[in-house]
Amino acid sequence: MKPFLDEDFLLQTKTARTLYHEYAKNMPIIDYHNHLPPDQILGDKVFDNITQVWLYGDHYKWRAMRTNGINEKYCTGAASDYEKFEKWAETVPYTLRNPLYHWTHLELQRYFDVHEVLNPASSKRIYDDCTAKIQTPDYSVRNLLGKMNVEIVCTTDDPLDSLEFHQQYHKIEGAGVKMLPAFRPDKFILIENPNFSTYIQKLGLIVNFEINTYEDLLKALRMRADFFVSVGCQICDHGLEQLYAADFTPELANAAFQKAISGKTLSAEDALVFKSAILHALGVMYHDLGWTQQFHLGALRNNNTRALRVLGPDTGWDSIGDYSQAIALSKFLGRLDENDQLAKTIIYNLNPADNEIIATMIGNFNDGSIAGKVQFGSGWWFLDQKDGMEKQINALSNMGLLSRFIGMLTDSRSFLSFPRHEYFRRILCNILGNDIENGEIPNDIKWTGQIVQNICYNNAKDYFGF
């Protein structure tokens, strides 16, 4: 019987262990998509206790606690930080076979050298030990990133953002990890949002002209994108149910825009035409800027309307949606490619039923200009766990080139989430190691080890050109 979470965790064969320990383990991390707060990186924040860095904002843990019968006051409510930690410790034993069980104990080991299992009996001891460490400068947020060998983080930033924290951070000599912004303009795409007109007004104040037409909006977004470039931005991201690719004209897009900003009711067709038009225009802009565009597709958000009303979005009430993806995705990418205006593109799916759709779709638009121009993104959100990662890797291997894959990212709000890269690397090495020992690929450790290192780091470094 293997011990729990030892140095060979998830590595089932000698070859897998060799690939991980000798090739993958020490590679730097480029975390090209996350939701880390830039102000905390700038200020090199030191947290008061482990609850603040571990449980604040972590809707994965909140969902598990609610399912375990824990009252909301211990998740997002007014309970003390220690009480919240106690309730998480009470829940952890019940998370067996959920990735949270692995992540929790990986994080305790990697950051705090705590090898004890978290449960009610160990809760106070672990809380005190980790809190004593987290309160020291050695555990400031930049040092937490440094412990995991993080080289670059790309935050997720609204076009309305001043990027003041990024600008100030760039002036710091010897800051360690590089922090870059990423452009997330979804507020200006989702025209049905009741706050759409408010966002337009705020954007107009920033760019110093009234946004009265669709063309004005495109001009304003380009100005913001150029500003993002001046602060080092090379990447954008969209979190959408699906891509929008209806037939459109600028005139029809403007008509829908006029209805929206004047408070008139939009038809479903109006909204679809506008979203299709602006998404295409943004895609052309990204190509012109030389950016990489990311599309996170398939989340069914804010299912619990009562919780949304009380707690707001991003508090753990989302799920996998069953949207149709293939036709619109093909049409969207094809329109851009038709005029050689398709930027480097990463597509993430939340519904595992779409794995093979995405894995085959990327091959339609990889045109030989660069290796892996259109990427099947790593297992995302509900799929960034062992089974989800294995299925994504297998689909990509069977229908594309795993060797050109740009690997893992955290998509996280927590500074303790970076062992997810280790988790991914162990799973990758285990798959390839098993293939070698089964005689399915040659016993060429040097070459396979190079492929592993490329997926862990080198491919992303070359692909983004940071």
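These are my notebook entries on two sheets, two helix pairs and one aromatic pair in a predicted model.

**Entry 1: the three-stranded sheet**

I began with the sheet made of β1, β2 and β3. Its three strands lie in the order β1-β2-β3, the sheet is open, and the pairing is parallel. I then asked which strands stand at the edges. They are β1 (29–31) and β3 (178–180); each has a single partner strand, so one side of each is left without a neighbour in the sheet. I looked up the turn as well: neighbouring strands here are turned by 10° against each other on average, direction ignored.

Next I went to the pairing of β1 with β2, which covers residues 150–154. Three bridges join these two strands in the parallel sense. For one residue position I noted the partner: Ile29 stands opposite Val150 in β2. As a reminder to myself, strands of a sheet pair through backbone hydrogen bonds, and the pairing can be parallel or antiparallel.

**Entry 2: the four-stranded sheet**

The second sheet I looked up is also open. It has four strands in the order β4-β5-β8-β9, and its pairing is parallel. At the edges I found β4 (235–240) and β9 (374–376). Each of them has a single partner strand, so one side of each lacks a neighbour in the sheet. From one strand to the next, the twist averages 15°.

How many bridges join β4 to β5? I counted on the record of pairing and found six, with the two strands running parallel. One of the residues I followed was His238, whose bridge partner in β5 is Phe295. I also noted a helix on this sheet: α16 (residues 355–365) packs on it and touches β8 (344–349) and β9. The direction of α16 makes about 165° with that of β9.

**Entry 3: an aromatic pair**

Phe295 came up again when I turned to the rings. The structure holds 25 aromatic pairs. In one of them Phe295 pairs with Phe332 edge-to-face, at 5.4 Å centre to centre and with 80° between the planes. I asked where in the chain the two residues sit. Phe295 is in strand β5 (residues 292–297) and Phe332 is in helix α15 (residues 326–338). They are 37 residues apart, and the pair links distant parts of the chain.

**Entry 4: helices α4 and α5**

I moved on to helix packing. Helix α4 (residues 59–67) packs against helix α5 (residues 81–91) at an angle of about 70°, and their axes are 10 Å apart. The two helices are therefore roughly perpendicular to each other. The crossing of α4 past α5 is left-handed. On the α4 side I listed Lys61, Ala64 and Met65; on the α5 side, Lys84, Lys87, Trp88 and Thr91. I sorted the residues of this contact into three nonpolar, one polar and three charged.

**Entry 5: helices α12 and α13**

The last pair I looked up was α12 (residues 250–261) with α13 (residues 268–289). They pack at an angle of about 120°, with axes 8 Å apart. That angle makes α12 oblique to α13. This crossing, too, is left-handed. Which residues meet here? From α12 they are Leu252, Ala253, Ala256, Phe257 and Lys259, and from α13 they are Asp270, Val273, Phe274 and Ala277. Seven residues of this contact are nonpolar, none is polar and two are charged.

Definitions and conventions
Residues numbered from 1 in each chain as written. Predicted model: local features only at pLDDT ≥ 70, side-chain atom pairs only at ≥ 80, totals over all residues. Heavy atoms only, no water. Pairing = 2+ DSSP bridges. Axes fitted to C-alpha atoms, helices over the stretch in contact; angles between N-to-C directions. Parallel < 35°, antiparallel > 145°, perpendicular 65-115°, else oblique. Left-handed = near helix turned anticlockwise from the far one by under 90°. Contact = heavy atoms within 4.5 Å. Nonpolar A, V, L, I, M, F, W, Y, C, P; charged D, E, K, R; others polar. Phe/Tyr/Trp six-rings, centres within 6.5 Å; stacked < 30°, edge-to-face > 60°.
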